[in-house]
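Please open the model in a viewer and keep the sequence panel visible. The tour below proceeds by selection, one site at a time.

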Amino acid sequence: SSEYIMPQVDEGKLVVTSEKPKVTPWYISMLPYLITIVIFVAIWIFFMNSAQGGGKAMSFGRSKAKLYKDDGKKVTFDDVAGLKEEKEELQEIVDFLKKPKKYTELGARIPKGVLLVGPPGTGKTLLAKAVAGEANVPFFSISGSEFVEMFVGMGASKVRDLFSQAKEKAPCIVFIDEIDAIGKKRDGQLGGNDEREQTLNQLLTEMDGFEGNNGVIILAATNRPESLDPALTRPGRFDRRVPVELPDLAGREAILKVHARKIKLSDDVDFHTIARMASGASGAELANIINEAALRTVRNNRTIVTQADLEESIEVVIAGYQKKNAVLSDEEKKIVAYHEIGHALVAALQTNSAPVQKITIIPRTSGALGYTMQVEQGDKYLMNKKEIENKIATFTGGRAAEEVVFNEITTGASNDIEQATKLARAMITRYGMTEEFDMVAMETVTNQYLGGDTSLSCSADTQKEIDKKVVELVKRQHEKAKKLLMDNRAKLDELAMYLYEKETITGEEFMKILNNQKNADNSAQAEASGDADNKEGESASESDTVNKEQKKEQQTASVREVGEQV
């Protein structure tokens with residue numbers, strides 16, 4: 001206490017000293033505040049620069065559409081082959097953008113939107129690029145998935161921003177690829193994706209709202225038109241729907257020639273034959289065929305693409321590359337040879353079957369140990385009941401040959417079984433080719449351009465009846481194939497052994513052996529019938545002789561018909 005300390009100080013026993021307290025400089029005290037202010041200013045400057053320069057920090061609600069620029073590599077309608085009708089419809093859009101007065105003076109209204117629908121690889125995006133190249137107007141391109149964000153409302157904001165930019169540069173074209181990403185039907189269920197619905201609602205408003213979009217034309221592409229909302233596809237929004245289907249024979253030939261412009265080709269290249277062999281191929285697949293042929297030429301140290309290169313490239317696209325390291329045992333190789341000849345022989349012995357182009361037992365990377373290629377002479381758009389049944393019989397020919405020759409079956413017919421079953425079920429459920437069900441659809445296609453998924457729309461009892469009829473139909477054709485092969489066992493053995501030795505034969509080689517055998521059979525039958533007539537004497541009348549000659553001519557004509565088909 002002070003009463004005790006002060007006397008001690010006075011007596012000199014305690015010495016009291018003191019120091020002046022240290023004072024912290026003011027700038028050190030302000031340092032934390034200064035750092036905080038600097039950080040906030042830096043963040044503010046960064047966000048402002050991002051907003052003005054289009055950076056990502058403030059671009060949540062901004063459209064990511066790319067503005068097409070003419071860099072000297074523009075695509076025109078000359079680069080699009082095999083789509084004559086589609087180009088004509090889009091040419092009208094281009095003409096309107098170039099000469100709008102010609103239409104407005106008459107009172108015509110150009111379509112606000114054009115929806116391109118079709119399978120993948122048919123050229124929908126390429127058509128849009130060609131429209132941009134032909135029209136010479138600003139062209140905005142964006143994918144439907146780029147509108148979708150994790151934050152609710154951002155997709156709608158992007159739509160507003162996209163159309164705001166488009167109106168500033170009108171007349172112009174806005175291309176939305178894969179529009180089904182934001183244009184799916186609204187199901188009305190609670191708890192759905194509100195962001196997707198808000199984006200769609202904003203798109204509907206921008207395309208045909210109170211303000212209108214004069215001079216802004218919308219092009220959109222999709223593989224799933226059935227999934228789009230009806231409000232989006234109605235006239236006034238998408239006024240015109242342009243199907244971009246797989247190319248026909250002439251279209252495939254034209255597409256091959258377009259993609260082969262930069263390829264050095266030999267004089268023996270026949271694009272018509274290649275187009276026939278590539279039946280059902282899309283434009284993208286045809287481009288890949290040309291590229292594969294060029295790559296094969298380079299691998300073989302050659303400088304010119306030949307017909308053989310193009311034919312091999314078709315097989316690569318269809319069945320994959322040859323598996324050079326896959327070595328089949330002699331027994332397996334013989335089974336595969338009989339299997340493939342079974343397909344080809346059943347096809348050749350039936351009328352209205354596609355001619356055989358090539359047969360091979362060389363394994364491919366797709367898993368196929370061999371295959372038989374059949375090529376139609378031209379495009380076919382309709383198939384009758386008899387033709388479908390013959391096709392099912394051809395699918396069962398491979399398994400039938402195994403049963404006839406080896407009295408045993410293998411796993412090699414798995415794909416044949418799948419294809420035969422699919423055709424048989426379609427005959428009954430979709431094509432109305434049964435008396436019991438008549439023209440009643442028991443099955444509907446839900447995804448036309450992406451695999452053709454189907455769904456049954458009938459009772460459980462009817463499904464049982466359908467399954468029963470499918471089994472009966474396939475079994476009947478299977479028995480027909482077996483009978484054809486048993487009746488022509490000699491041909492089957494000769495052709496199978498020839499394929500076993502050669503590994504790959506052409507349709508011409510196949511038909512040459514088949515026709516020689518048939519001619520021999522016909523000669524033997526003629527000699528046998530002649531001997532029988534001689535034994536019976538000269539009692540045959542002149543009319544009987546004429547009838548026999550007619551029968552021989554019919555037999556020869558049937559053989560010739562098969563030969564011409566193949």
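The stops cover two nonpolar cores, a buried histidine, several salt bridges and a surface patch.

This is a predicted model, in which local features need pLDDT of at least 70 and side-chain atom pairs count only at pLDDT 80 or more, while totals for chains, interfaces and linings use all residues. Residues are numbered from 1 along each chain as its sequence is written, and side-chain values use heavy atoms, with hydrogens and water left out.

**Stop 1: the cores**

Select Leu90, Leu97, Leu116, Leu127, Ile173 and Leu219. These residues have the most contacts inside the largest nonpolar core, which has 28 residues. A nonpolar core is a set of buried Ala, Val, Leu, Ile, Met, Phe, Trp, Tyr and Cys residues joined through side-chain atoms within 4.5 Å. Buried means under 20% relative accessible area, exposed over 50%, and partly exposed in between, computed with a 1.4 Å probe and protein chains only. At least two residues each come from helix 4, strand 2 (113-117), helix 6 (124-135), strand 4 (172-177) and strand 5 (216-222); helices (H or I, at least four residues) and strands (E, at least two) are DSSP runs numbered from the N terminus. Helix 6 gives the most to this core, with 6 residues.

Next, centre on Leu127. Beyond its neighbours within four places in sequence, Leu127 is in contact (heavy atoms within 4.5 Å) with Phe77, Val80, Leu83, Glu86, Lys87, Leu90, Leu116 and Val244. A second, separate core of 27 residues includes Ala344, Leu345, Ala481 and Leu514.

**Stop 2: His343**

Select His343 in helix 14 (residues 330-349). Is this residue buried or exposed? His343 counts as buried because its relative accessibility is 8%. Its side chain reaches the backbone oxygen of Thr394 at 2.7 Å. Not counting residues up to four places away in sequence, His343 touches Thr372, Thr394, Phe395, Gly397, Gly398 and Asp416.

From Phe395, move to Gln419, 24 residues apart along the chain, where the C-alpha atoms are separated by 7.3 Å. Gln419 is found in helix 16 (residues 414-429) and is partly exposed, at 26% relative accessible area.

**Stop 3: salt bridges**

The structure holds 19 salt bridges, each a side-chain nitrogen of Lys or Arg within 4 Å of a carboxyl oxygen of Asp or Glu. Select Glu92 and Arg240, whose side chains meet in one of them (2.9 Å, N to O). Glu92 lies in helix 4 (residues 84-98) and Arg240 in strand 6 (residues 240-243), so the pair ties together parts that are 148 residues apart in sequence.

Select Lys358 and Glu315 next; their closest N and O atoms are 2.2 Å apart in a salt bridge. Lys358 belongs to strand 7 (residues 356-360) and Glu315 to helix 13 (residues 307-319), 43 residues apart. Both Lys358 and Glu315 are buried. Add Glu312 and Arg364 to display a network of salt bridges linking these four residues.

**Stop 4: the surface patch**

Finally, show the surface of Met30, Leu31, Tyr33, Leu34, Ile35, Ile39 and Ile43, a nonpolar patch with about 670 Å² of accessible area together. Such areas come from the Shrake-Rupley method with a 1.4 Å probe, and for residues only the protein chains shown count as cover. Patches are made of residues with over 30% relative accessible area and no salt bridge, like charges being joined within 9 Å and nonpolar side chains (Val, Leu, Ile, Met, Phe, Trp, Tyr) within 5 Å. Within the patch, Ile35 lies in helix 3 (residues 31-53) and counts as partly exposed, at 45% relative accessibility.

Definitions and conventions. Polar contact = N/O pair within 3.5 Å; in protein donor to acceptor, adjacent residues only side chain to side chain.
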